Amino acid sequence: MRQELLSLPKGLAEEVSRNLVMVARLIDEDPEQAYAYARIALRLASRVAAVREAAGFAAYATQKYSEALAEFRASKRMTGSVELWPVMADCERGLGRPERALAMAGEPEVQKLDKAGQVEMRLVAAGARRDMGELDAAIVTLQSPELASNSVQPWTARLRYAYADALLAAGREDEAREWFAKTLEADKDGATDASDRLAEIDGVEFVDAAAVEEEEADLADDLDDADDEDDEDEDEAEVAAAERATDQAEYYDEDDEEYEPLDEADVDVTDEIVVVEDDERDKA
């Protein structure tokens, strides 16, 4: 890539390089943003094969398969390399053309691929078979010396996983479990969810610790809110009682000869309050 960029003016090469770095950095975590950077690089240097390849992978990551295929083909024409052949075939699958992907698996270009490329082509071909409903053929396609080997290579976990998944889809659960376990042995980086698939087969349910903590926190908040409401009710009851006591005391007229101040202990806020009019008191 560096050599290709050297063909550009220095300032332009630096700007294109910065955009390609952002594509590589974001393509897994934020494919849409990576795609945006790839489009900028493509606009600046569409005649650079590395730019066309990067634009192809960014489009592929966002499932723009037609665009990705066009960029991969352009890169292949510029370089003459067949390295992108498997991902081009997978674009055909993405476009709903599994028959075309299978045809590409039988082309002479496959023989020019390195071992990793040939395994990738086998994975694509098996996927195409499954797309066509040919599950048994997909299983046979994946059966290879690379699958049987005990040597762990960069492609081993993905190959074993695809085989286990196809076996499970065919209802061969015991064999599928065996190969998911073998996948787990080879998957040191956790690139697959083989452990989850094994647990699913065994009927094991995992508890999401984060979800449990969140539920407990919500329950604690609810209890706190309930306590606050109880405190507010008690405060309101005390205020109401004080107001009733004040109202009862105010019914006595200090100018009345019969008025006698009440001690606080004599005031029962629960007693019924009777208001005696002045006329009725005189009659009495």
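Modeller: Buried means under 20% relative accessible area, exposed means over 50%, and partly exposed covers what lies in between. The structure discussed here is a predicted model.

Biologist: With those cut-offs in hand, is Asp202 buried, exposed or partly exposed?

Modeller: The relative accessible area of Asp202 is 40%. Because buried requires a value under 20% and exposed a value over 50%, the class that remains for Asp202 is partly exposed.

Biologist: Which residue does Asp202 meet in a salt bridge?

Modeller: The side chain of Asp202, in helix 13 (residues 194-202), has its partner in helix 12 (residues 173-186), so the pair ties together parts that are 25 residues apart in sequence. The partner has a relative accessible area of 35% and is therefore partly exposed. The N to O distance in this salt bridge is 2.9 Å, and the partner is Arg177.

Biologist: Which residues are joined into one network by salt bridges that share partners?

Modeller: The structure holds 15 salt bridges. Some of them share partners, and the network that results is made up of Arg73, Glu92 and Arg97.

Biologist: How many residues apart are Asp131 and Arg93, which form a salt bridge?

Modeller: The closest N and O atoms of Asp131 and Arg93 are 2.7 Å apart. The pair links distant parts of the chain, with Asp131 in helix 8 (residues 115-131) and Arg93 in helix 6 (residues 85-94), and the separation is 38 residues.

Biologist: What is the relative accessibility of Arg93?

Modeller: Asp131, the salt-bridge partner of Arg93, is partly exposed at 41% relative accessible area. Arg93 also counts as partly exposed, and its relative accessibility is 25%.

Biologist: Which helix holds Arg158, the residue that forms a salt bridge with Glu120?

Modeller: The closest N and O atoms of Glu120 and Arg158 lie 2.7 Å apart. The pair links distant parts of the chain, 38 residues apart, with Glu120 in helix 8 and Arg158 in helix 11. Glu120 counts as partly exposed at 27% relative accessibility, and Arg158 is partly exposed at 39%. The helix that holds Arg158, residues 156-169, is helix 11.

Biologist: Turning to the aromatic pairs, are the rings of Phe57 and Phe72 stacked, tilted or edge-to-face?

Modeller: The structure holds 4 aromatic pairs. The ring centres of Phe57 and Phe72 are 5.0 Å apart and the planes stand at 70 degrees, so with the cut-off at over 60 degrees the pair is edge-to-face.

Biologist: Of Phe57 in helix 4 and Phe72 in helix 5, which is buried?

Modeller: Phe57 has a relative accessible area of 31%, so Phe57 is partly exposed. The relative accessible area of the other ring is 0%, and the buried residue is therefore Phe72.

Biologist: What angle lies between the planes of Tyr161 and Phe180?

Modeller: Tyr161 counts as buried at 18% relative accessibility, and Phe180 is buried at 0%. Tyr161 lies in helix 11 and Phe180 in helix 12, so the pair ties together parts that are 19 residues apart in sequence. The pair is edge-to-face, 5.5 Å centre to centre, and the angle between the planes is 65 degrees.

Biologist: Which residue lies over the face of Trp179?

Modeller: Lys64 lies over the face of another ring, that of Tyr35, at 4.4 Å from the ring centre. For Trp179, the residue over the face, at 4.1 Å from the ring centre, is Lys182.

Note on methods. Residues numbered from 1 in each chain as written. Predicted model: local features only at pLDDT ≥ 70, side-chain atom pairs only at ≥ 80, totals over all residues. Heavy atoms only, no water. Salt bridge = Lys/Arg side-chain N within 4 Å of Asp/Glu carboxyl O. Helix = DSSP H or I, 4+ residues; strand = E, 2+ residues; numbered from the N terminus. Buried < 20%, exposed > 50% of the residue type's maximum accessible area, 1.4 Å probe, protein only. Phe/Tyr/Trp six-rings, centres within 6.5 Å; stacked < 30°, edge-to-face > 60°. Lys NZ or Arg CZ within 6 Å of the ring centre and 35° of its normal.
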